[in-house]
Amino acid sequence: TMSSPKHVALLLAGCGVYDGSECTEAISLILHLERHGCTFDTFAPNKDQYHTVDHTTGSATEEPRRNVMVESARIVRGKIQDIKEFDITKYDAVVAPGGFGAMKNWCSYAIDGADKYKIDDDVKKMLTDCLDAKKVLALTCIAPMLLPKIKPGLKFTLGKIAGDNFPYAGTATDAISMGANHVECDNKDIVVDEENKIVTCPAFMQDGKFYDVYVNIGMLVDKVVTMM
């Protein structure tokens, strides 16, 4: 008999790499989940973004304020829920793309750095609930930098700790300094923490083509589906 489709929660941090979720990574997660017949619901914090970045110039402004959930809704054609509504019992996995919004709106790593950053209470609850319930957690790109704030010693990748095509290599070094079990990895591979049911991949932590990121996230979702 056919089992019922696996149901997944997608967490977003806004819309756009510099102040929200990385759009290619978010869409790649959706497309690969649907390729496997999974259904999904999308969540985001219902709060102001840290700031808004003009993606043509890189300049940031505090005004006008933008809301993380409202901006995230752009990616999923309006179908979104407040993260406060999240209930782990309804889902087989939680997945989240990267983008600087993950480190500005889900936590303050991009602002405060490794020593001082804090994680949003609702985001922390979502990820902790996922691990406690032994559901699958999948994070791409810089999003795994949330994990040191969830539990020490978790195994994940943020790409490599050096290399011209790894422009954010300092993040991996920071994770190691915080006691993470960091595994170096390029965008042709994924890293799996079997014990804690966590799957991560570098995606745009490595300078690469959009299609390379799509393929890398496909590998990650392929693995997630086998673990659900």
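**Figure 1. Accessible surface and charges of the predicted model.** The protein exposes about 10200 Å², and 51% of this area comes from carbon and sulfur atoms. Of the 228 residues, 54% are buried. The protein carries 25 positive and 32 negative charges, and the mean positions of the two sets lie 3 Å apart.

**Figure 2. Overall fold and dimensions of the protein.** The chain forms seven helices and eleven strands. Along the principal axes, the C-alpha atoms occupy a box of roughly 55 × 35 × 30 Å. The radius of gyration is 16 Å, which agrees with the value near 17 Å that a compact globule of 228 residues would have. Where residues at least 6 apart in sequence are in contact, 71% of these contacts join residues at least 24 apart.

**Figure 3. Position of T157 in its loop.** T157 belongs to the loop that runs between strand β8 (155–156) and helix α6 (169–177). The relative accessible area of T157 is 0%; the residue is therefore buried, as this is under the 20% cut-off. Within the loop region, the side chain of T157 reaches the backbone nitrogen of G159 at a distance of 3.0 Å.

**Figure 4. Surroundings of T157 beyond its sequence neighbours.** Neighbours within four places in sequence are left aside in this view. The contacts of T157 then include C141 and P144, which precede T157 in the numbering. H182, V183, E184 and C185 are also in contact with T157, as is V191. T200, C201 and P202 complete the list of contacts.

Notes: Residues are numbered from 1 along each chain as its sequence is written. This is a predicted model: local features need pLDDT of at least 70, side-chain atom pairs count only at pLDDT 80 or more; totals for chains, interfaces and linings use all residues. Side-chain values use heavy atoms; hydrogens and water are left out. Helices (H or I, at least four residues) and strands (E, at least two) are DSSP runs, numbered from the N terminus. The radius of gyration is taken over C-alpha atoms; the globule rule is 2.2 Å times the number of residues to the power 0.38. Buried means under 20% relative accessible area, exposed over 50%, partly exposed in between (1.4 Å probe, protein chains only). Contact means heavy atoms within 4.5 Å. Accessible areas come from the Shrake-Rupley method with a 1.4 Å probe; for residues, only the protein chains shown count as cover. Lys and Arg count as positive and Asp and Glu as negative; His and the chain ends are not counted. The place of a charge is taken as NZ of Lys, CZ of Arg, CG of Asp or CD of Glu. A polar contact is a pair of N or O atoms within 3.5 Å; within protein, one must be able to donate a hydrogen and the other to accept it, and residues adjacent in sequence count only if both atoms are side-chain atoms.
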